[in-house]
Amino acid sequence: MEIFLIKAAQLIFSLSILVVIHEFGHFIFARIFKVRVEKFYLFFDPWFSLFKFKPKNSDTEYGVGWLPLGGYCKISGMIDETMDKEQMAQPPKPYEFRSKPAGQRLLIMTAGVIFNFLLALFIYSMVLFYWGDTYLPLKNVTCGMEYSSTFKNIGFRDGDILLKADTTALERFDENCMRQVVNARTVTVLRDGKNVVIDIPGDMMERILREKEGFAYYRSPLIITSVQSQSAIEAGLKKDDRITGVNGVGTPVTSDVANELYANRGETVRIDILRNGQPLSVNAPIDSLGFLGIQYNNSPASIYETVTVKYSFFGSFPAGVKLGVNTLKGYVNDMKYVFTKEGAKSVGGFGAIGNLFPASWNWRIFWERTAFLSIILAFMNILPIPALDGGHVMFLLYEVVTRRKPGDKFLEYAQITGMIILFSLLIFANGNDLFRFFSR
């Protein structure tokens with residue numbers, strides 16, 4: 001329950017920041033062009049609100065709704081989610097959205113998306129400035145990677161060290177690395193000291209989505225961090241020992257050790273170790289579950305040599321912009337798979353978004369996830385779907401090209417249609433979350 005609450009708190013806090021910034025973009029441009037803003041709300045407030053106030057001599061009511069599904073900025077003279085038909089039935093007034101030139105209305109509608117994207121770039125820049133960029137170069141992972149059966153089926157082997165996707169060097173293991181591998185024609189790996197080229201099939205991403213086994217994870221040696229059981233202490237095992245074999249079988253990485261211990265559960269076996277660079281052997285009993293009574297380091301970043309790049313305050317901005325643009329490109333590239341059968345099953349709602357955050361509060365991860373969600377919010381909002389900013393932009397561009405405004409009745413029906421689409425997607429995405437939860 002504690003983990004759920006921590007993740008939920010991070011999700012709500014993050015989305016609150018993004019919604020306020022998004023709606024503030026609409027608000028500030030509306031005020032620049034002297035358009036009246038009637039309400040500025042975090043969350044929705046059907047029937048009642050949790051909090052509201054209206055400053056003296058202000059046209060705008062500020063508040064917090066009770067339904068945490070977003071927020072809104074009610075702009076006078078505009079057909080939006082509030083569906084204020086009475087106002088639209090009156091003659092246009094100078095301070096209304098519909099009375100302004102198409103160019104000004106276009107800026108008002110795109111401002112939310114622009115603000116979200118700029119926020120993401122700013123957050124990425126400040127994360128790089130404050131924490132720097134620490135990563136583990138793939139070339140330093142001397143034990144290579146352990147691959148899913150999906151990738152083994154096309155020629156990868158455990159222990160392969162990733163070198164290149166086509167002609168592009170693979171530097172670090174992250175989401176972009178998997179995209180580069182999946183979208184490449186060939187991938188070059190280092191295997192037993194030799195370069196090996198593996199052909200990548202054109203439907204690789206579909207296979208990943210269908211088989212749900214992922215890509216790969218780091219292989220690392222098993223290094224003891226603490227000896228817990230009395231039997232392991234009596235056997236002579238010590239902190240910082242590296243286990244290299246079990247009963248004469250070589251175990252260069254953690255998974256090999258685990259497999260051999262389980263295969264010899266309930267027995268006393270010979271454990272080969274490296275201690276201060278010297279090979280030793282001890283006899284130790286394994287319990288009935290295959291455990292040796294030790295804890296070990298499973299963090300590749302603490303075993304292999306990492307690289308940290310530090311940025312000055314001004315130097316962090318171009319790096320943050322580059323990171324944000326690359327993140328957007330990667331997300332847009334991934335969107336094409338949503339329209340496949342397997343991709344549609346992977347779509348998630350609030351549960352999937354909440355799981356982006358860690359089980360314990362980590363400010364760096366929180367801000368990185370917030371920046372990522374800000375990019376998603378910007379991209380999703382600019383899609384040409386009625387009821388989204390992109391839908392309004394689409395109709396405004398039509399007006400600019402044809403020099404004819406769509407009728408209010410048409411815009412009203414388009415808004416209703418868009419809201420039906422959005423609520424259907426919301427139900428579908430969160431339905432996927434529930435299905436995955438109960439099928440675990």
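Visitor: How many helices and strands are there in the protein chain?

Guide: The protein chain of this predicted model has 15 helices and 16 strands.

Visitor: What can be said about the overall form of the protein chain, beginning with its radius of gyration?

Guide: The protein chain has a radius of gyration of 28 Å, whereas a compact globule of 440 residues would have one near 22 Å. Along the principal axes, the C-alpha atoms fill a box of roughly 90 × 45 × 45 Å. Of the 440 residues, 41% count as buried. Among contacts between residues at least 6 apart in sequence, 64% join residues at least 24 apart.

Visitor: How should one read a sheet, and which strands lie at the edges?

Guide: Strands of a sheet pair through backbone hydrogen bonds, either parallel or antiparallel. Here, an open sheet of four strands runs in the order β6-β5-β7-β8, and the pairing is antiparallel. Its edge strands are β6 (168-169) and β8 (194-199), each of which pairs on one side only. Between β7 and β8 there are six bridges, again in the antiparallel sense. Val189 has Val196 in β8 as its bridge partner.

Visitor: Let us turn to a helix. Which residues of α5 are buried?

Guide: An α-helix has 3.6 residues a turn, so residues three or four places apart point the same way. In helix α5 (residues 175-183), the buried residues are Cys177, Arg179, Val181 and Val182. The elements covering them include α4 (149-152), β5 (161-165), β7 (186-191), α6 (204-211) and α10 (316-335).

Visitor: Which residue caps the N-terminal end of α5?

Guide: Asp174 does so, with a side-chain oxygen 3.2 Å from the backbone nitrogen of Asn176.

Visitor: How is a pair of aromatic rings described, and how many such pairs are counted?

Guide: A pair of aromatic rings is described by the distance of the centres and the angle of the planes. The count comes to 32 aromatic pairs. One of them is formed by Phe48 and Trp66, which are stacked, at 5.6 Å centre to centre and with 10 degrees between the planes. This pair links distant parts of the chain: Phe48 belongs to strand β1 (residues 37-53) and Trp66 to strand β2 (residues 61-75), 18 residues apart. Phe48 is partly exposed, with a relative accessible area of 45%, and Trp66 is partly exposed as well, at 30%.

Visitor: Why is the pair of Phe151 and Phe215 called tilted?

Guide: The planes of Phe151 and Phe215 stand at 50 degrees, so the pair is tilted; the ring centres are 4.5 Å apart. Phe151 lies in helix α4 and Phe215 in the loop between α6 and β9, 64 residues apart. Both Phe151 and Phe215 are buried.

Visitor: Where do charged side chains sit over rings?

Guide: The charged end of Arg172 is over the ring of Tyr135, 3.9 Å from its centre. Lys39 lies over the face of Tyr41, at 4.9 Å from the ring centre.

Visitor: As a last case, is Arg219 buried or exposed?

Guide: Arg219 counts as buried because its relative accessibility is 12%, and the cut-off for buried is under 20%. Its place is in the loop between β9 (216-218) and β10 (222-227).

Visitor: What does the side chain of Arg219 reach?

Guide: The side chain of Arg219 reaches the backbone oxygen of Cys143 at 3.0 Å. A polar contact also joins the side chain of Arg219 to that of Glu146, at 3.3 Å. Leaving aside neighbours within four places in sequence, the contacts of Arg219 include Val141, Asp158, Val253, Asp256 and Tyr304.

Conventions:
Residues numbered from 1 in each chain as written. Predicted model: local features only at pLDDT ≥ 70, side-chain atom pairs only at ≥ 80, totals over all residues. Heavy atoms only, no water. Helix = DSSP H or I, 4+ residues; strand = E, 2+ residues; numbered from the N terminus. Buried < 20%, exposed > 50% of the residue type's maximum accessible area, 1.4 Å probe, protein only. Polar contact = N/O pair within 3.5 Å; in protein donor to acceptor, adjacent residues only side chain to side chain. Contact = heavy atoms within 4.5 Å. Phe/Tyr/Trp six-rings, centres within 6.5 Å; stacked < 30°, edge-to-face > 60°. Lys NZ or Arg CZ within 6 Å of the ring centre and 35° of its normal. Pairing = 2+ DSSP bridges. Rg over C-alpha atoms; globule rule 2.2 N^0.38 Å.
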